[in-house]
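Visitor: I'm new to reading protein structures. Could you walk me slowly through one part, the sheet, and then what lies around it and elsewhere?

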Amino acid sequence: MLSLQDSPDVLLDKKTTEGLASLNITTIGELLRHPPRRYVRQGHLDQRERLEAGEWTTVVGTIASSQLISMKRKHGQFLKVVVDDGHQRIEATFFNPRAIRRALQPGARVMMAGKVKYFREQVQLSHPQWAVIPDGDADTGKVIGSAMATEMYTADNELSEQDQEAPAFDRPIIPMYPASSDIQTWTIWNAVRRVLVRLPPQPDALDERSRLSRGLITADEALRKIHLPDTEDDIVAARERLKFDEALAIQTVLARRRIGGHRERAASCPPVADGLEAKLLRRLPFELTAGQQEVVAEIGEDLAGESPMSRLLQGEVGSGKTLVSLLTMLRVVDNGHQCVLMAPTEVLAAQHYRTIRSMLGDLAEAGELTAAEGATKIALLTGSMRTKGKRQTLLDVVTGEAGIIIGTHALLEENVTFFDLGMVVVDEQHRFGVEQRDILRGRGKDGAQPHFLVMTATPIPRTVAMTAFGDLDTSTLRELPRGRQPISTTVVPMGNGKWVDRVWARAAEEIGSGRQVYVVCSRIGDDGPEDELRKADDDPALRTTSVSEMFEELSNGPLGGHSIEMLHGRMPADEKNLVMDRFGAGDVDIVVSTTVIEVGVDVPNATMMVIVDADRFGVSQLHQLRGRVGRGGHAGLCLLMTKANPVSQSMERLTAVAGSGDGFELARIDLQQRREGDVLGSLQSGGKSSLHFLSLLDDADVIADARELAEEIVSADLSLADHRPLAELVDGILAPQKVAYLDKS
Ligand code: ADP
Ligand code: MG
C-alpha cells in the first residue's frame, strides 16, 4: 500500500522522479505537502498576481487571434498567437509555424507552457509547449500538440477516468505549482493526482476532539483538497490544517527535547558558602542591578536541580550578561565542575578571557604563587592557537585544572576532552542551534549532562523564541546598569562632502577630549580577485569603502595625527588581540574594523562609532554594533554613513535604527526583511526549508496553540509510542536526519 514515506519512484516514472528531486521532493509525503503557488480559476478569473519574467507558467485559454508575421531583417515568418485566459491576453510566438498553424486557429482551446518574457508590458511565451484541448464532444482519441504537452494532456485524461474526477481542464480551480524547466506544473499535478488515486485514507495526528475544537479538517482531507479544491473554502481549510501540522511537528520536536531534557541527569550545583562566587561578589566595585540578581537567582534554581538547565538569557546590549554568566559559572566551579564559555569570534573570546581574568584577579591564578585560596584557572582555547600553548591548555582542560574554559567553535572539536563538564554558556550566537548544543551535551561526566545557558542581546521575537529556541526556558534582563549613557544615532549621506568632513571633525573632537572611536566598514579589501571584479563592475555610486581604503584615507587625512589601527578577520589572531589590547588600554585612538567587533566587545572609553556604508548591514547588526559605545560614563554617538537613495528601503531601515533604541522593535523589522528560514537556522539546516504553510512572522497564535498541544501530548507520551501518526508527521515535515538526533538523546 502506498504510504507518505515512500519514494516517488514507486509510482512515478524516472523522469518525473528526477524532476521532483530537483524541487527537493523525495517522498510521497513531500510531494503532497508541496503546495500550489497559486490557483487559476476557470470562468470567473479573479485577479492573478503578475507573472514574473523568467518563471515557467502554464496558460489555459482560448485563441483570440493567430497571425503569420514576416520577419523584417531575416528571411521567413513566425506565428503570433494571442491566448485569452479570461483574465489577460498572452502572446505566444512560434518560429517554425507551418506545421502548427492549422491547429492553432482562433477559437481553439489550448494549453501552453513556457518561460515568461515581457515585451512592452505584454506577457510573452516564445515557442512554448502547447496542446489543443479537444472539445467535450469531439473525438478525444488524439490530442494535437507538442510532445511534452500532449503527453501531459493524455496523462490527465487517463487520470480523470481513474479517479472519476473531471479532467483537469474542466475543474473549476486549477493549482499551479512552483515549477522549473526540469518539471512543469502539469507534471507535478499529474503526479499528485496519480498519488492521490492510490493513497489509502491517512491516519490523523490529531484526535477528533483536538481537531474539532480547532475547527480543522482531517489531515487526509487537507492533503487532497489542497491539490483538488472544489471551492475557495476548500483551499482555506486545507491551508489551515497543513499549517497547524507544521507548527505541531516543530513543537513536538521541541517539547520532546524540553521534557526529555528534564528527565536527564545533571550535576546539582547549590550555592557554596564562601566559594569563588561569594568572593567575587564581595569584590565587585558595583552592585548587581535588580535584574541581574533576579536572573542569577533564576539560573541558580535550575543549577541546584538534578536535571540539566536549558535556558536562554536575553538582555539588551550592555545589560551585563557576562557578569551574570560568570557568577553562575563560578557556582558550578565551586561545586567541583568545569564550565565552558563559548563566543562567536576569536576577538570576543579573547576579550572575555581578559575581562574575566581581570575581574577575578588572584581568584583565577591557580597554580601561581599569587593565587588566592581556592583559586581556579581560566583557559582560552581558539582555533588559531599555536600547538604548544594549545597542548598545555588541553592538558589543563582534561585534568580539571582549568575551571572555566573560554573559546570559539574550536571547543566543539573532538579532541577536547573535559575532566568534568558541568555547564556550557553560549554567548551571542544566534546561529548556534539545537545540533551544536547537542555536541556539547554529550560531554558531561558519567552520563550526566552539562547545564546550558545561551545568551543573546539580539531580542528574539516571540514566534522565533517559540521555535528556534523553543526547547529553552527564558530569562530576560531588561534593565541597564545605572549610569549607562544613551546613544544618539544619526544618518549621514556620504554624498554630502560637508557632512562627511563634519563627521571626521567630530571624531577629532571626541579624541581631543580623551575618548576613542570605532570606524566600521563592510569589507576588508586587500583587493583579492573578487574585490577587483567588483570594482570593475560596480556603479561607482554604490561602491563600498573597505577597511584598508578607510585606513589610508583617515591616516593621510584629517585624523592623520592620531593613532589609528586596522582590525579584521584576515589578521593573525595575536595581531588582532594586540590591537584590541592596545585599544582597551587607550593606546589606540581609532580602530578601523570590520564587524569583528560586532558583538560583545567592551571598551567603556569608546564613545563614537562611525559605520561606513551602513546600508550594507542588517538592522539587528547595526543595533549590536552601536552597542559598543556609550558603555562608560559618557554619552555615545553613532553615525550611519550611507550612499543609499533617500527614498529607498535601505534608507528606511537606517532611519528606523536611528529612530529607535528598542531592540525588540528592531528585531521585528529585521525578521521581516530576512528570509524566515535563516531564523529557524539549524532546525532546518542544509538550506532546505520544510515549512510551506507556516509563517514565523504571522502565525504566532498557531505556534502558541500547537506548543500547548505538543506539551500535553509529549508529557504523557515522550516516545510517541501511542501517537504514531504524530511521530510520522514529525518525520515527514522535518527532514529525517533532523529527527534522528532525537533518538540519540
Ligand atoms: P552585555 O550584556 O551586552 O554582554 P556586558 O556583560 O559586556 O554586557 O556588560 C557591559 C558592561 O557593564 C561591562 O563593562 C560590565 O563590567 C558592566 N557591568 C555589568 N554589571 C554591572 C553593574 N551591575 N553595574 C555597573 N556596571 C556593570
Ligand atoms: Mg556580551
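Guide: Here's a tour that starts with the sheet, moves to the helices lying across it, and ends with a pair of packed helices. Keep in mind that this is a predicted model.

Let's start with some background: strands of a sheet pair through backbone hydrogen bonds, either parallel or antiparallel. In this sheet the pairing is parallel, and six strands line up in the order 16-21-20-17-19-18 to make an open sheet. At the edges you'll find strand 16 (487–493) and strand 18 (564–567), each pairing on one side only. Going from one strand to the next, the twist averages 20°.

Now zoom in on one pairing. Strand 20 covers residues 606–611 and strand 21 covers residues 636–642, and the two are joined in the parallel sense over four bridges. If you'd like a spot to click on, try M609: its bridge partner in strand 21 is C638.

Next, look at what lies across the strands. Helix 18 (residues 547–555) lies across strand 17 (516–520), strand 18 and strand 19 (590–593). Compared with strand 18, helix 18 runs at about 180°. Then there's helix 19 (residues 573–584), which lies across strand 17, strand 18, strand 19 and strand 20. Helix 19 runs at about 140° to strand 18.

Stay with helix 19 for a moment and pick out A573, which lies in it. The relative accessible area of A573 is 19%, and because buried means under 20%, A573 counts as buried. Leaving out residues up to four places away in sequence, A573 touches E346 and S384. There's also A350: A573 and A350 are 223 residues apart in sequence, yet their C-alpha atoms are 9.3 Å apart in space.

Finally, let's leave the sheet for a helix pair. Two packed helices are described by the angle between their axes and the distance between the axes. Helix 8 (residues 232–262) packs against helix 24 (residues 700–716) at an angle of about 50°, and their axes are 8 Å apart. That angle is why helix 8 and helix 24 count as oblique to each other. The crossing of helix 8 past helix 24 is right-handed. On the helix 8 side, the contact residues include F244, A247, L248 and I259, while helix 24 brings V702, I703, L709 and V714, among others. Sorted by class, the contact between helix 8 and helix 24 has eleven nonpolar, three polar and six charged residues. Among the residues making the contact are K243, R256 and R258 of helix 8 and D705, R707 and E711 of helix 24.

Methods: Residues numbered from 1 in each chain as written. Chains lettered and ligands numbered in written order. Predicted model: local features only at pLDDT ≥ 70, side-chain atom pairs only at ≥ 80, totals over all residues. Heavy atoms only, no water. Pairing = 2+ DSSP bridges. Axes fitted to C-alpha atoms, helices over the stretch in contact; angles between N-to-C directions. Contact = heavy atoms within 4.5 Å. Parallel < 35°, antiparallel > 145°, perpendicular 65-115°, else oblique. Left-handed = near helix turned anticlockwise from the far one by under 90°. Nonpolar A, V, L, I, M, F, W, Y, C, P; charged D, E, K, R; others polar. Buried < 20%, exposed > 50% of the residue type's maximum accessible area, 1.4 Å probe, protein only.
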